[in-house]
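Trainee: I have a new model open and don't know where to begin. Can you walk me through it?
Mentor: Yes, ask as you go.

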Amino acid sequence: MQQTYFMIKPEIVAAGDQKVGEILAIVNRAGFRITGLAMRTLDRATVEDFYGEHRGKGFYDDLCDYISGGAVVTVRLERENAVAALRELIGATNPADAAVGTIRDLYGASLQNNAVHASANPDDAARELGIIFG
């Protein structure tokens with residue numbers, strides 16, 4: 001079994017429990033087991049650490065403001081090939097490029113407001129899970 005990190009972003013949480021529930025149901029139907037789940041507001045320092053690989057890029061400050069600006073749902077998931085399977089399930093970073101039926105196709109609004117985050121690879125998953133779940 002492999003673990004990965006999944007986050008439902010602020011605009012979805014702000015839209016209400018129904019969308020959060022729908023997204024979690026999609027993940028569950030795809031065979032993922034939820035082993036950690038919390039709704040929280042991440043402080044700016046945690047978000048800066050989490051997105052540290054993007055420090056210095058033009059979108060970094062806006063991204064940190066956006067993620068720390070509202071509640072998110074943090075999720076630790078487990079299944080075989082979890083990282084790759086979740087990346088496929090969520091779709092392309094830009095919802096306009098996301099395959100039909102993926103989470104970002106269904107719920108994403110823009111490149112930044114793309115509904116969810118998922119770890120890009122197993123090393124990122126371990127690092128992100130450590131930051132969020134300790």
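**Sheet, pocket and two loops**

Mentor: Start with one pair: Met7 stands opposite Thr74 in E3. Keep in mind that this is a predicted model.

Trainee: Which strands does that pairing belong to, and over how many bridges?
Mentor: Strand E1, residues 2-8, pairs with strand E3, residues 72-79, in the antiparallel sense over 7 bridges.

Trainee: What is the order of the strands in the sheet?
Mentor: The order is E2-E3-E1-E4, in an open sheet of 4 strands with antiparallel pairing. The edge strands are E2 (33-40) and E4 (116-118), and each of them pairs on one side only. On average, neighbouring strands are turned by 15° against each other, direction ignored.

Trainee: What packs on the sheet?
Mentor: Helix H7, residues 122-133, does, touching E1, E2, E3 and E4. The direction of H7 makes about 60° with that of E1.

Trainee: Back to E1. Is that strand mostly covered or mostly open?
Mentor: Mostly covered: 5 of the 7 residues of E1 are buried.

Trainee: And over how many bridges do E1 and E4 pair?
Mentor: Over 3 bridges, in the antiparallel sense. Ile8 has Val116 as its bridge partner in E4.

Trainee: New topic. How much space lies in the largest pocket?
Mentor: About 410 Å³.

Trainee: Which residues are closest to its centre?
Mentor: Tyr51, His54, Phe59, Leu63 and Thr93, out of the 17 residues that line the largest pocket.

Trainee: What kinds of residues are in that lining?
Mentor: The lining divides into 6 nonpolar, 5 polar and 6 charged residues. E4 and H7 each supply at least two residues of the lining.

Trainee: Now backbone angles. What sign does phi usually have?
Mentor: Most residues other than glycine have a negative phi.

Trainee: Where is Asn81 found, and what is its phi?
Mentor: Asn81 is in the loop between E3 and helix H5 (82-90). Phi of Asn81 is near 55°, a positive value in a residue other than glycine.

Trainee: And what is phi for Ala115?
Mentor: Phi of Ala115 is near 80°, again a positive value in a residue other than glycine. Ala115 has its place in the loop between helix H6 (103-107) and E4.

Trainee: Is Ala115 buried or exposed?
Mentor: Buried, because its relative accessible area is 0% and the cut-off for buried is under 20%.

Definitions and conventions
Residues numbered from 1 in each chain as written. Predicted model: local features only at pLDDT ≥ 70, side-chain atom pairs only at ≥ 80, totals over all residues. Heavy atoms only, no water. Pairing = 2+ DSSP bridges. Axes fitted to C-alpha atoms, helices over the stretch in contact; angles between N-to-C directions. Contact = heavy atoms within 4.5 Å. 1 Å grid on protein atoms, 1.4 Å probe; cavity = no way out; pocket = protein on both sides within 12 Å on 5 of 7 lines; lining within 4 Å. Points joined across faces, edges and corners; volume = space filled by probe spheres on them. Nonpolar A, V, L, I, M, F, W, Y, C, P; charged D, E, K, R; others polar. Buried < 20%, exposed > 50% of the residue type's maximum accessible area, 1.4 Å probe, protein only.
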